[in-house]
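Let's take a walk through a protein model together. Keep the 3D view open and turn it as you read.

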Amino acid sequence: MEFAVLLMAVIVLGLLGWGVYRVMKRRAAASPAAAGQVEPHSRPLDDSTYRVSYAPPEFEWSGTTTGALPVKILTYKQYECLEDARYGFRIVGLPPTERKQPQPHKTRAHGLKTVASLKKHGFLEDDGEGGYLITDRGLNALEVCSVRY
């Protein structure tokens, strides 16, 4: 009986020690400074590097749009399109075969139906150059509409 209790205690302590070892190993691997690596954001970035860290204040909903929105749920594609517009990208609607093609600087391609739907609901407006920009109503939709995945 004593041997069984002693054996169980050794097994429990071994598992506990192994768990602590794994947690410490993960923490050390997650810390680039501990491994002697330079963090990527501490290096100077060249102009070709794409980085978006937050939505600029001019792309936050003003709170002045009133009235009910025409939709309560955005599809994931609509949400993705509005998010791109929120980060300052010019939106263009293209057929599937052309969407993967390289786009001009600060331009994102989305489906024709998605862009047409967002324009119809007043979430995007024509920029006069064949693209679309987000409206205050679109920013409001990002705040209050749920997303269907």
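We'll start at the surface and then work our way inside.

First, a reminder that what you see is a predicted model. Find helix α1, which covers residues 2-30, and look for Phe 3 in that helix. Phe 3 counts as exposed because its relative accessibility is 64%, and the cut-off for exposed is over 50%. Phe 3 also has company: together with Leu 7, Met 8, Ile 11 and Leu 15, Phe 3 forms a nonpolar patch on the surface. Taken together, these residues have about 550 Å² of accessible area. Here's a handy bit of background: an α-helix has 3.6 residues a turn, so residues three or four places apart point the same way.

Now for another Phe. Phe 123 sits in the loop between α4 (112-120) and β4 (124-126). Is Phe 123 buried or exposed? Phe 123 is buried, because its relative accessible area is 0%, and buried means under 20%. From there, hop over to Gln 78: the two residues are 45 apart along the chain, and their C-alpha atoms are separated by 9.8 Å.

Gln 78 brings us to helix α2 (residues 76-86), where it is one of the buried residues. Others on that list include Cys 81, Leu 82 and Ala 85, as well as the charged-looking names Glu 83, Asp 84 and Arg 86. Just after α2, check the backbone at Gly 88, which takes a positive phi of about 95°.

Last stop: helix α5, residues 136-144, whose buried residues are Gly 138, Leu 139, Asn 140, Ala 141 and Leu 142. What covers them? The cover includes β1 (73-75), β5 (132-134) and α2.

Note on methods: Residues numbered from 1 in each chain as written. Predicted model: local features only at pLDDT ≥ 70, side-chain atom pairs only at ≥ 80, totals over all residues. Heavy atoms only, no water. Buried < 20%, exposed > 50% of the residue type's maximum accessible area, 1.4 Å probe, protein only. Helix = DSSP H or I, 4+ residues; strand = E, 2+ residues; numbered from the N terminus. Contact = heavy atoms within 4.5 Å. Patch = residues over 30% accessible without salt bridge, like charges linked within 9 Å, V, L, I, M, F, W, Y side chains within 5 Å. Areas by Shrake-Rupley, 256 points an atom, 1.4 Å probe, with all protein chains shown as cover. Salt bridge = Lys/Arg side-chain N within 4 Å of Asp/Glu carboxyl O.
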